[in-house]
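User: I would like to learn how to read the fold of a protein from its helices and strands. Can we take the features one at a time?

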Amino acid sequence: MRNSARSIAANLGLLAFGALLFSFSVNAIIVGKGLMAGGLSGVALLLYYLTGVGGPGLLYFLCNVPLMILGWVSLSRRFILYTLFGMGSVSALMQLLPQRTLIEDPLLAAIFGGALMGAGSGIMLRSLGSAGGTDILAIWLNQKYNMRIGQFNFFFNLAVFAAGLAFYDPTLVLYSIILSYTNSQVMDYFLSLFNQRKMVFIISDKADAIARDIIYNLKRGATFLHGAGAYTGKSKRVILTITNTVQIKRLEELVFSHDPNAFFVVENTFNVLGEGFSRRKVY
């Protein structure tokens, strides 16, 4: 029960902090220069620039309402409830935070606004929810019609920026494309920042001793894979283990202290799910 409460608090904290960064970037950098973004926040900003009605937070909330209904009937309730909190936090903060122009140069505003927005989005997606928007529709289309999420987001953003070119200043739309690209790159970085893992294959005649030290000294799991040398035909046991970037050097020293002739193969991996690593997000 206590672990469950800690998990809920941690997820709500990530969503609230990410929403604050996201909303601050919109109100303090992006709106002041008339820039757009990708996704549903881009639609809300474009409507705000064209109509001046309400505010970006209110418009973002209204655009999300039908998607929240869709998510409620088709996705997991846990994901939608967390997302409802994240979306509500973004909408409220975008509506309440004062609008300013902290950066005068539009190119710098696009780069730093996109970076801050991407950091906020990435932090929110590290939780078991999201900020709402096109993520819900993309997941629904993926589950129902097997449409790739990245493919949908690309075409949706293409439509948003095409509408911007038709109704808005083309120069600002081009700056907005830079903002959207920076946003996506920084978001991907934050998604992988706290989840970088190394997948290691170890081929050695001292496999038993190495595996024992991995389990009891490094406190990591290990799995034996059965293989054979292509040249000698000799059976070998290959150790597979997952570790983080901090322990990789210790693992290397451990392996070669047992067997200076061992093969030590390291692969980067983006996402590892299971006990001791990340929890699976259920949509």
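**Reading the sheet and the helices**

Analyst: Start with the sheet. In this predicted model, four strands form an open sheet in the order E2-E3-E1-E4, and their pairing is antiparallel.

User: Which strands stand at the edges of the sheet?

Analyst: An edge strand has a single partner strand, so one side is left without a neighbour in the sheet. Here the edges are E2 (223-228) and E4 (263-269). From one strand to the next, the twist averages 25 degrees.

User: How many bridges pair E2 with E3?

Analyst: Six, in the antiparallel sense, with E3 covering residues 235-244. Two positions help to set the register: Thr223 stands opposite Leu240 in E3, and Gly227 has Lys236 of E3 as its bridge partner. As for the side chains, in a regular strand they alternate between the two faces of the sheet.

User: What lies between E2 and E3 in their hairpin?

Analyst: Six residues separate the two strands. In the turn, Gly233 has a positive phi of about 75 degrees.

User: Which helices pack on the sheet, and which strands does each one meet?

Analyst: Look at the strands a helix meets, then at its angle to one of them. Helix H9 (residues 207-216) lies across E1 (197-203), E2 and E3, and runs at about 20 degrees to E3. Helix H10 (residues 248-258) touches E1, E3 and E4, and its direction makes about 160 degrees with that of E4.

User: Now a helix pair. At what angle do H5 and H8 cross, and with which hand?

Analyst: For a helix pair, read distance, angle and hand together. The axes of H5 (residues 106-125) and H8 (residues 170-193) come within 7 Å and cross at roughly 35 degrees. The crossing is right-handed. Residues of this contact divide into 16 nonpolar, six polar and no charged.

User: How do these parts follow one another along the sequence?

Analyst: The protein has ten helices and four strands, and its pattern along the sequence is α-α-α-α-α-α-α-α-β-α-β-β-α-β.

User: What can be said of the protein as a whole, in span, burial and contacts?

Analyst: Along its principal axes, the C-alpha trace spans about 75 × 45 × 35 Å. Of the 283 residues, 44% are buried. Taking contacts between residues at least 6 apart in sequence, 75% join residues at least 24 apart. The exposed area is about 15,000 Å², and carbon and sulfur atoms supply 63% of it.

Terms used:
Residues are numbered from 1 along each chain as its sequence is written. This is a predicted model: local features need pLDDT of at least 70, side-chain atom pairs count only at pLDDT 80 or more; totals for chains, interfaces and linings use all residues. Side-chain values use heavy atoms; hydrogens and water are left out. Axes are lines fitted to C-alpha atoms, for helices over the stretch in contact, and angles run from 0 to 180 degrees between N-to-C directions. A crossing is left-handed if the near helix is turned anticlockwise from the far one by less than a right angle, and right-handed if clockwise. Ala, Val, Leu, Ile, Met, Phe, Trp, Tyr, Cys and Pro count as nonpolar, Asp, Glu, Lys and Arg as charged, and the others, Gly among them, as polar. Two strands pair if DSSP finds at least two bridges between them. Contact means heavy atoms within 4.5 Å. Buried means under 20% relative accessible area, exposed over 50%, partly exposed in between (1.4 Å probe, protein chains only). Accessible areas come from the Shrake-Rupley method with a 1.4 Å probe; for residues, only the protein chains shown count as cover.
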